[in-house]
Amino acid sequence: MLDALHQFDWIESQTTRQDRLALLSIREALAGSLGTYHYLEVGSHLGGSLQPHIADRRCSRIVSIDPRPCEQPDERWSTTYQYPGNSTARMLENLARVPGADLTKLQTFDCSSWELSPSALGTLVDFVFIDGEHTDAAATKDFHAVRRLTKPDGVIAFHDCGVVLEPILKARRATTGWWAHYPGSSVIAVALGTGLASALLAAGWTDELPVPRFYRLRRATARLARAHRPAAPIE
Ligand SMILES: C[S@@+](CC[C@H](N)C(=O)[O-])C[C@H]1O[C@@H](n2cnc3c(N)ncnc32)[C@H](O)[C@@H]1O
């Protein structure tokens, strides 16, 4: 699995090493059980988290959903988070440089997940990664929207679980499946069916989820620090 981390070498991704191991282990569990899989991502930015799938022959279809704002709200900050030059064209250029990339299987939608009807997709997907707008409201809407787009035995993973833990915990109360965290990562996932839980357990996932109080405190501290950040010195 450690060698597989090199699949993230081509495009900058806003994920840590543990996040990548978490995502790769979901992919291996799915591909191991199904042979091939369909992947959907909410929030693709430069294409960093799409790159392992674009070159993987077992991935027969990729859907990327991203309305491409230049700035977006974020629960951590009192101001918006900037995404200069955010575009699908730039992402496609990046992905084309990944060795073995097959861009013909990629479909992009410049909108939010909740604006997309299941009929626009055609078939349901096996693996969803939610990494779009990091607010409680958007994470909640993304989860409900992608559930309609995911197969009954698929997997839905959230990134930055510390930032959007409250909507994740709410979704857990309302959704049956095996909810798990990959230790050291900021990824929480739900295996909607029963089939994949044992493969994910074997890959190191645990159903002990992070403690909300800790993250609430961290989120509030980050917000305060940002609000009171001193202005840049005048040169
Ligand atoms: C954290 S970045 C994604 C990083 C990427 N997954 C990676 O690991 O390389 C967040 C992305 O979410 C996108 N975004 C903002 N609002 C969104 C929404 N409503 N739905 C989907 N994506 C959104 C932004 O345009 C940005 O590209």
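Is Y182 buried or exposed, and how many other C-beta atoms lie within 10 Å? Keep that in mind as you go through these close-ups of a predicted model.

**Figure 1. Y182 sits in the loop between β8 (178-181) and β9.** Here's the reply to the opening puzzle: Y182 is buried, because 23 other C-beta atoms lie within 10 Å and 20 or more is enough to count as buried. Now look for A22, which is 160 residues away along the chain. In space, the C-alpha atoms of Y182 and A22 are separated by just 5.8 Å. If you skip neighbours within four places in sequence, the contacts of Y182 are Q18, L21, A22, S25, V187, G204 and W205.

**Figure 2. Helix α1 covers residues 17-34.** You can check the length of this helix yourself. At 1.5 Å a residue, its 18 residues should span 26 Å, and the end C-alpha atoms are 26 Å apart, so the two agree. Plenty of α1 is tucked away: D19, R20, L21, A22, L23, S25, I26, R27, A29 and L30 are buried. What covers them? Among the elements packed over the buried residues of α1 are β1 (37-42), α2, β6 (125-130), β7, β9 (188-191) and α7 (197-202). Just after α1 comes G35, with a positive phi near 90°.

**Figure 3. Helix α3 (residues 88-96) has M91, N94 and L95 buried.** Looking down the axis of α3, you'd find its buried residues within an arc of 95°, which means they line one face of the helix. That buried set packs against α2 (51-54). On the face turned away from the buried side, you'll meet the exposed residues A89 and A96.

**Figure 4. R68 and D160 both have a positive phi, and neither is a glycine.** Why are these worth a close-up? Most residues other than glycine have a negative phi. R68 has a phi near 60°, and you'll find this residue in the loop between β2 (59-65) and β3 (71-72). R68 is partly exposed, because 17 other C-beta atoms lie within 10 Å, a count below the 20 needed to be buried but above the 12 that is the limit for exposed. D160 has a phi of about 50° and belongs to the loop between β7 (150-158) and α6 (165-174). D160 counts as buried, because it has 22 C-beta neighbours inside 10 Å.

**Figure 5. The ligand has 24 residues around it.** Which of them come nearest? They are G43, H45, G48, S49 and G132. Sort the shell around the ligand by residue type and you get seven nonpolar, 13 polar and four charged residues.

**Figure 6. Stepping back, the protein chain has eight helices and nine strands.** For 235 residues, a compact globule would have a radius of gyration near 18 Å; the protein chain has 17 Å, so the two agree. Along the principal axes, its C-alpha atoms fill a box of roughly 55 × 40 × 40 Å. Buried residues make up 40% of the 235 residues. Finally, take the contacts between residues at least 6 apart in sequence: 72% of these join residues at least 24 apart. The contact between Y182 and A22 from the opening view links residues 160 apart along the chain.

How values were computed
Residues are numbered from 1 along each chain as its sequence is written. This is a predicted model: local features need pLDDT of at least 70, side-chain atom pairs count only at pLDDT 80 or more; totals for chains, interfaces and linings use all residues. A residue is near a molecule or strand if its C-beta atom, placed from the backbone, lies within 6 Å of it. Ala, Val, Leu, Ile, Met, Phe, Trp, Tyr, Cys and Pro count as nonpolar, Asp, Glu, Lys and Arg as charged, and the others, Gly among them, as polar. Helices (H or I, at least four residues) and strands (E, at least two) are DSSP runs, numbered from the N terminus. The arc is that of the directions from the helix axis to the C-beta atoms. Two residues are in contact if their C-beta atoms, placed from the backbone, lie within 7 Å. The radius of gyration is taken over C-alpha atoms; the globule rule is 2.2 Å times the number of residues to the power 0.38. The expected span of a helix is 1.5 Å times one less than its number of residues.
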